[in-house]
Amino acid sequence: MNLRAICWMVGGLLLGLGGMFLWDRLSPPQIVWSSNWAGAQARAKETGLPVLALFSSPYRLGEEALLDRAVLDALNFRVIPLRLEPGEDEALAIRLEVETLPAWRLLDAGGLEISRRDGLLEAGALVVWLKEPLPVVPP
């Protein structure tokens, strides 16, 4: 194999790795939502993190704040995110007195409410709320 071929292979490899790095940096991170209380509760017990239950409409109206990078980081690293729509876990919605959508409930692993917010939240307000000191229960 000659030097020119080796240079092309190394250059292609570096270009590919650079593209993967940029794709990772430029693509928006995803929220890892739980879709049921039992699963979220199990993860909360494993990690010691509280559950943030978001009761929302199927149309996701007013959830633009969830696209904010600081919100994404807070949701993925400070809480166990749980999204429920109308008709999903109605017993939990009734117990937590969900009357408007979206409704945000911060719960410990046992299901006790720590804090709540109702209605639309701006990204800044959501981040401030999620960065308040949270009780951490050892796993």
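**Figure 1. Strand 2 is largely enclosed by the rest of the structure, because 5 of its 5 residues are buried.** The model shown here and in the other views is predicted. Both faces of strand 2 are covered. Ile80, Leu82 and Leu84 lie on one side, Pro81 and Arg83 on the other, and all are buried. The charged end of Arg83 sits over the ring of Trp33, 4.3 Å from the ring centre. A search of the whole structure for aromatic pairs returns 0.

**Figure 2. Four strands make an open sheet.** The 4 strands follow the order 2-1-3-4, and their pairing is mixed. Strand 2 (80-84) and strand 4 (113-118) stand at the edges. Each has a single partner strand, so one side of each is left without a neighbour in the sheet. From one strand to the next, the twist averages 15 degrees. Helix 2 (residues 37-47) lies across strand 1, strand 2 and strand 3. Helix 2 runs at about 170 degrees to strand 2.

**Figure 3. Leu52 has a bridge partner in strand 2 and another in strand 3.** Strand 1 pairs with strand 2 in the parallel sense, over 5 bridges. Here the partner of Leu52 is Pro81. Strand 1 and strand 3 run antiparallel and are joined by 5 bridges. On that side, Leu52 is partnered by Leu106. Leu52 also belongs to the largest nonpolar core, among the residues with the most contacts inside it.

**Figure 4. Strand 3 is mostly covered and pairs with strand 4.** In strand 3, 5 of 5 residues are buried. Ala103, Arg105 and Leu107 point one way, whereas Trp104 and Leu106 point the other way. Strand 3 and strand 4 run antiparallel, with 5 bridges between them. Ala103 has Asp118 of strand 4 as its bridge partner. Leu106 stands opposite Ser115 in strand 4. The hairpin of these two strands has 5 residues between them. In this hairpin, Gly111 takes a positive phi near 95 degrees.

**Figure 5. The largest nonpolar core has 18 residues.** Those with the most contacts inside it are Leu52, Leu66, Leu75, Trp104, Leu126, Trp129 and Leu130. Two or more residues come from each of strand 1 (51-55), helix 3 (69-77), strand 3 (103-107) and helix 5 (123-130). Helix 5 gives the most, with 5 residues. Leaving aside neighbours within four places in sequence, Leu126 is in contact with Ala65, Leu66, Val71, Trp104 and Leu121. Another core, of 15 residues, lies apart from this one. Among its members are Ala44, Ile80, Ala93 and Ala103.

**Figure 6. Ser57 is a buried loop residue.** Ser57 lies in the loop between strand 1 and helix 3. Its relative accessibility is 16%, so Ser57 counts as buried; the cut-off is under 20%. Not counting residues up to four places away in sequence, Ser57 touches Glu85, Pro86 and Leu101.

Conventions:
Residues numbered from 1 in each chain as written. Predicted model: local features only at pLDDT ≥ 70, side-chain atom pairs only at ≥ 80, totals over all residues. Heavy atoms only, no water. Core = buried A, V, L, I, M, F, W, Y, C linked by side-chain atoms within 4.5 Å. Buried < 20%, exposed > 50% of the residue type's maximum accessible area, 1.4 Å probe, protein only. Contact = heavy atoms within 4.5 Å. Pairing = 2+ DSSP bridges. Axes fitted to C-alpha atoms, helices over the stretch in contact; angles between N-to-C directions. Phe/Tyr/Trp six-rings, centres within 6.5 Å; stacked < 30°, edge-to-face > 60°. Lys NZ or Arg CZ within 6 Å of the ring centre and 35° of its normal.
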